[in-house]
Amino acid sequence: MHFTSKLPDVGTTIFTVMSKLAHQEGAINLAQGFPGFDSDPKLQQLVTKAMSDGYNQYAPMPGVYGLREQIANKINTLYGSDYHPESEVTVTAGATQAIYTIVSAFIRPEDEVIVLKPAYDCYEPAVTVNGGTIVPIQLKAPLYKVNWSAVERAITPKTKMLFINTPHNPTGTILDKEDMMELSRILKGTDIILLSDEVYEHIVFDGKKHESVARYPELRARSFITASFGKTFHNTGWKMGYTVAPKALMEEFQKVHQFNVFSAHHPSQKAFATYLKEPEHYLKLNDFFQQKRDLFLDLIKDSRFKVTPAAGTYFQMLDYSEITQEEDVEFAKRLTKDHKVASIPTSVFNLHQEDFKMLRFCFAKDDETLKKAATILCEI
Ligand SMILES: Cc1ncc(COP(=O)(O)O)c(C=O)c1O
């Protein structure tokens, strides 16, 4: 049978490659971005209870109303916005599905989509499958600040969408108020849809504020925000998340969503609707992960890796340029095979695989694991 791939350049992701290698080599896996601890037993019990209470058939297409109310309430309270649970919130099968559905609902062949690189790996295939053209803009190590003038220059009459991600995977950087003001300025007067991936919104360090698009009315009016319960509540395997957007945009989203997944896992939705009533369940996350980041940084302070502390997410980038000039993919593999610590080489997320000699380490692991990994990293 003959067919032509819609994604000829997509192979196995680096996460799969490095995790498989970590497993084969018996290495400590700080590569893949999943938490090394379990979800709150209380939340698990709520899911089990929802199942035994009979919530085992399709949920309403946009999501259980009680959960949409809690989501709108959370965002509106934290960011001073006014999302309406009835028409502006949809519960999704993780942020990935939300992102794919947003792109499918709006991107036509020839449309241009601006992506800031390094970028999370699900953005570009979604654009490509839908016939869009990616317009990449490379951010530079070690600070990965966005050059908004470059973004402004990249805008053409064909630009339909722009992706941002704060806090940012893989770099651990965050956008600040000045970034958001610049973004507002350059998008003003355009019809560009902003896709703001905020899955790490509750993991921001050093007392800084998460600059959600929801705080900025002019941006909010043109934006989808995507969020992930998996990242916030340590259950990435449940694949639960949501997206919010103004009504007119959300109507278009739901036209695709209803024929894509129709609705997300019903018992989990019932559980989250109850669990979100207690804000400390997500508000305590900043401190929890800051302790992990600080521990990891303290443990590797005498190593030869150079560090710019992560401002958010549960990833720390380490610059190994004082150790070796090997390419990052080679060095990451050698580190896994010979030293038994797995990480993610970040050139794979860059334009033309530009190599800044940066590896990404996930510190969402128990303290013992971090100590063992750090001891090894200090010996390299
Ligand atoms: C930046 C970013 N966006 C989206 C996702 C996907 O989230 P989910 O697991 O809810 O689909 C991830 C997961 O690693 C991520 O890092």
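**Entry 1: the largest pocket.** I looked first at the lining of the largest pocket and found that α5 supplies its largest share, three residues. The model I am reading is a predicted one. I recorded a volume of about 750 Å³ for the largest pocket. Its lining consists of 25 residues, and D9, V10, E124, P125 and V348 lie nearest the centre. Besides α5 (123-129), I noted α1 (14-25) and β4 (133-138) as elements that each supply at least two lining residues. By class, I listed 13 nonpolar, seven polar and five charged residues in this lining.

**Entry 2: the second largest pocket.** I noted a volume of about 570 Å³ here. The lining has 28 residues, with T96, Y120, D121, K231 and K239 the closest to the centre. I found two or more lining residues from each of α4 (94-106), α5 and α9 (229-232). The largest share, five residues, is that of α4. I classed the lining as 14 nonpolar, nine polar and five charged residues.

**Entry 3: aromatic rings.** I obtained a count of 24 aromatic pairs. For F205 and F363, I read a centre distance of 6.3 Å and a plane angle of 45°, so this pair is tilted. The two residues are 158 apart in the chain: F205 is in the loop between β6 (193-197) and α8 (217-220), and F363 is in the loop between β13 (358-362) and α15 (367-379). I found F205 buried, at 0% relative accessible area, and F363 buried, at 0% as well. I also traced a cluster, linked by ring pairs, of F37, Y200, F288, F289, Y314 and F315.

**Entry 4: charges over rings.** I located the charged end of R360 over the ring of F315, 3.7 Å from the ring centre. I found K270 over the face of Y55, at 4.3 Å from the ring centre.

Note on methods: Residues are numbered from 1 along each chain as its sequence is written. This is a predicted model: local features need pLDDT of at least 70, side-chain atom pairs count only at pLDDT 80 or more; totals for chains, interfaces and linings use all residues. Side-chain values use heavy atoms; hydrogens and water are left out. Rings of Phe, Tyr and Trp (its six-membered ring) pair if their centres lie within 6.5 Å; planes under 30 degrees apart count as stacked, over 60 as edge-to-face and the rest as tilted. Helices (H or I, at least four residues) and strands (E, at least two) are DSSP runs, numbered from the N terminus. Buried means under 20% relative accessible area, exposed over 50%, partly exposed in between (1.4 Å probe, protein chains only). A charge sits over a ring if NZ of Lys or CZ of Arg is within 6 Å of the ring centre and within 35 degrees of the ring normal. On a 1 Å grid over the protein atoms alone, a cavity is a set of points where a 1.4 Å probe fits but cannot get out, and a pocket is an open set with protein on both sides within 12 Å along at least five of seven lines; lining residues have an atom within 4 Å of a point. Grid points are joined across faces, edges and corners, and a volume is the space filled by probe spheres set on the points. Ala, Val, Leu, Ile, Met, Phe, Trp, Tyr, Cys and Pro count as nonpolar, Asp, Glu, Lys and Arg as charged, and the others, Gly among them, as polar.
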